[in-house]
Structures are given as C-alpha cells and as structure tokens.
Amino acid sequence: MVARKVVIVKGSPRKNGNSAILAGQAAAGAESAGAQVDVFYLHGMDIRPCDACDACHASVEDECIIDDDMQIIYPKLREADALVIASPIYWFTVSAQTKIFMDRCYALGGGDPSGYALEGKQIGILLTYGDTDPFNSGAVNALRTFQDAYNYVGAEIVGMVYGSADEAGEIRENQSVMEEAFELGVRIGSGVES
Ligand SMILES: Cc1cc2nc3c(=O)[nH]c(=O)nc-3n(C[C@H](O)[C@H](O)[C@H](O)COP(=O)(O)O)c2cc1C
C-alpha cells in the first residue's frame, strides 16, 4: 500500500509554541497511521507575500514565479493527500505567516479557477489562542476563513482542533485538545472520511 502524504505547516514564530505542539501531535498521529509527513516551519523560511502579478493564472501550466521557499512547498502540496495548518491567533485571526502561505496557495489554481491543486485533499486545522473564549479570541474568525477558503478550492476540512493557551507549552495541560490533535492526525494519515 502506498503511504498517504501529509504536509503540515506551522504558522507561529514560536518554534516550540502551542500550535507547534499540536502540529507535533497531528504529525505523530499521521505517522502512526503509516503516512509520510513533511513539516514546514513557515517563520524560518523565505516566503514573500503574493505580489498579484497573476503570472500563475495565465494558463493551467503556469506556476508562481516568485523565487523563494514556497517553491519547496508547492510540489509537496501538489502531491499531498492532506494539508494540516497549525496557527496561533494573532489579532483575532490567523498569524501573518499563515495568511501569507494561504495567499501564495493562489498559485495552485493555474489558469483554471475550478482546478485548484488542493481540490479533493483533506484539510486539518489546529489553532491556539490566549483568550479563554473562541469567539472573543478571534479563533472563530480564523475558522470561518479556513471554511471559506477550502470550500472555494474544493478541499475538505476533516477536523478543526482549537484550544486556549498563552505561554508556550501551556497547551500540554489541555489533555483533551492534545488527544484531539493526535486523533485528527490519525484520521488524516489513514484517509478516513470525517
Ligand atoms: C502578536 C500577538 C497577537 C495575539 N493576538 C491574540 C488574539 O487576538 N486573540 C487571542 O486570544 N490571543 C492572541 N494572542 C495570544 C496567542 O494566540 C497565544 O499565546 C497562542 O497560544 C500562541 O500560540 P503559539 O505558541 O503557537 O505561538 C496573541 C499573541 C501575539 C504574540
């Protein structure tokens, strides 16, 4: 059996922060289900914002022409079965690193608006925030953003795991969220439908 391929992107500058810990849980879950997992720490990569040149949308074959580290991630995304995004909530939505990554996925559309390379792939979302309430924190804004974005490209969100934590590492105290992140990884790694 061919192993499923899972890409995990970490959108916090804190390498060992709360969302990164949930990403680690999801990676462990996916690997335990036999998946091949590639993890990218976006903050440590040279990833520039989309400059709206639209060269990537000129024809179906066209790709992003910005020569930076997204060129490492694009082929991995194209061949992946699933994408997991782990982000902290910054100013009531996803972090800038996460948003820039999402914007740059525009290039996966080629010339065909209905032909996004993420179409049909499974998506997992992991979020951490300082407030105790997901509405007050802005986590709900972020969840809605993911819902709209991945609905638009025809991908399927199979799970959204989110929890409150402030200091780096604090999320470990939330055993149920830690387990949920692992289980999301297992589901995505094994390809089981939500
Ligand atoms: C610049 C900045 C903005 C933040 N904005 C929010 C916010 O709008 N809502 C919230 O609940 N927490 C906010 N926080 C707290 C983080 O979301 C929280 O500490 C989270 O667990 C960090 O995850 P990380 O360890 O993966 O970076 C903010 C933190 C920073 C540094």
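These are my notebook entries on a predicted model of a protein with a ligand.

**Entry 1: ground rules**

I number residues from 1 along each chain, as its sequence is written. Because the model is predicted, I keep in mind that local features need pLDDT of at least 70 and side-chain atom pairs count only at pLDDT 80 or more, while totals for chains, interfaces and linings use all residues.

**Entry 2: the overall fold**

I looked up the secondary structure and found six helices and six strands, where helices (H or I, at least four residues) and strands (E, at least two) are DSSP runs, numbered from the N terminus. Read along the sequence, these elements follow the pattern β-α-β-α-β-β-α-β-α-α-β-α. The radius of gyration is 16 Å, close to the 16 Å that the globule rule gives for 194 residues, so the protein is as compact as a globular protein of that length. For this value, the radius is taken over C-alpha atoms, and the globule rule is 2.2 Å times the number of residues to the power 0.38. I also noted that the C-alpha atoms fill a box of roughly 50 × 40 × 25 Å along the principal axes.

Next I looked up burial, and buried residues make up 42% of the 194 residues. A residue is buried if 20 or more other C-beta atoms lie within 10 Å of its own, exposed if 12 or fewer, and partly exposed in between, with the C-beta atoms placed from the backbone. For contacts (C-beta atoms, placed from the backbone, within 7 Å), I found that 76% of those between residues at least 6 apart in sequence join residues at least 24 apart.

**Entry 3: strands β1, β2, β3, β4 and β5**

I began with β1 (5–10), where five of the six residues are buried, so this strand is largely enclosed by the rest of the structure. Strand β1 pairs with β2 in the parallel sense over six bridges, and two strands count as paired if DSSP finds at least two bridges between them. Within this pairing, Lys5 has Gln36 of β2 as its bridge partner. Strand β1 also pairs with β3, again in the parallel sense, over five bridges.

Strand β3 (82–90) is mostly covered, with eight of its nine residues buried. I found β3 parallel to β5 over seven bridges, with Ile125 of β5 as the bridge partner of Ile85. By contrast, β3 and β4 run antiparallel and are joined by two bridges, and there Ile89 is partnered by Val94 of β4.

**Entry 4: one residue, Ile8**

I chose Ile8, which lies in strand β1, and it counts as buried because it has 26 C-beta neighbours inside 10 Å. Its bridge partner in β3 is Val84. Leaving out residues up to four places away in sequence, I listed what Ile8 touches: Ala23, Ala26, Ala27, Val37, Val39, Val84 and Ala86.

**Entry 5: helix α2**

In helix α2 (residues 70–79), I found Met70, Ile73 and Leu77 buried. They cover an arc of only 60° around the axis, which puts them on the same side of α2; the arc is that of the directions from the helix axis to the C-beta atoms. On the other side of α2, Pro75 and Glu79 are exposed. The buried residues of this helix pack against β1, β2 (36–41), β3 and α3 (96–104).

**Entry 6: two positive phi angles**

Most residues other than glycine have a negative phi. I therefore noted Ala52, which is not a glycine and yet has a positive phi of about 60°. Ala52 sits in the loop between β2 and α2, and it is exposed, with 8 other C-beta atoms within 10 Å. I also noted Trp91, in the loop between β3 and β4 (93–94), which counts as exposed with 9 C-beta neighbours inside 10 Å. In the hairpin of β3 and β4, which has two residues between the strands, Trp91 takes a positive phi near 50°.

**Entry 7: around the ligand**

Finally, I looked up the ligand and found 20 residues surrounding it, the closest being Gly17, Ser19, Pro88, Gly130 and Ser137; a residue is near a molecule if its C-beta atom, placed from the backbone, lies within 6 Å of it. Helix α1 (18–32) and strands β3 and β5 (122–129) each supply at least two residues of this shell. By class, I recorded nine nonpolar, eight polar and three charged residues, where Ala, Val, Leu, Ile, Met, Phe, Trp, Tyr, Cys and Pro count as nonpolar, Asp, Glu, Lys and Arg as charged, and the others, Gly among them, as polar.

Methods. Two residues are in contact if their C-beta atoms, placed from the backbone, lie within 7 Å.
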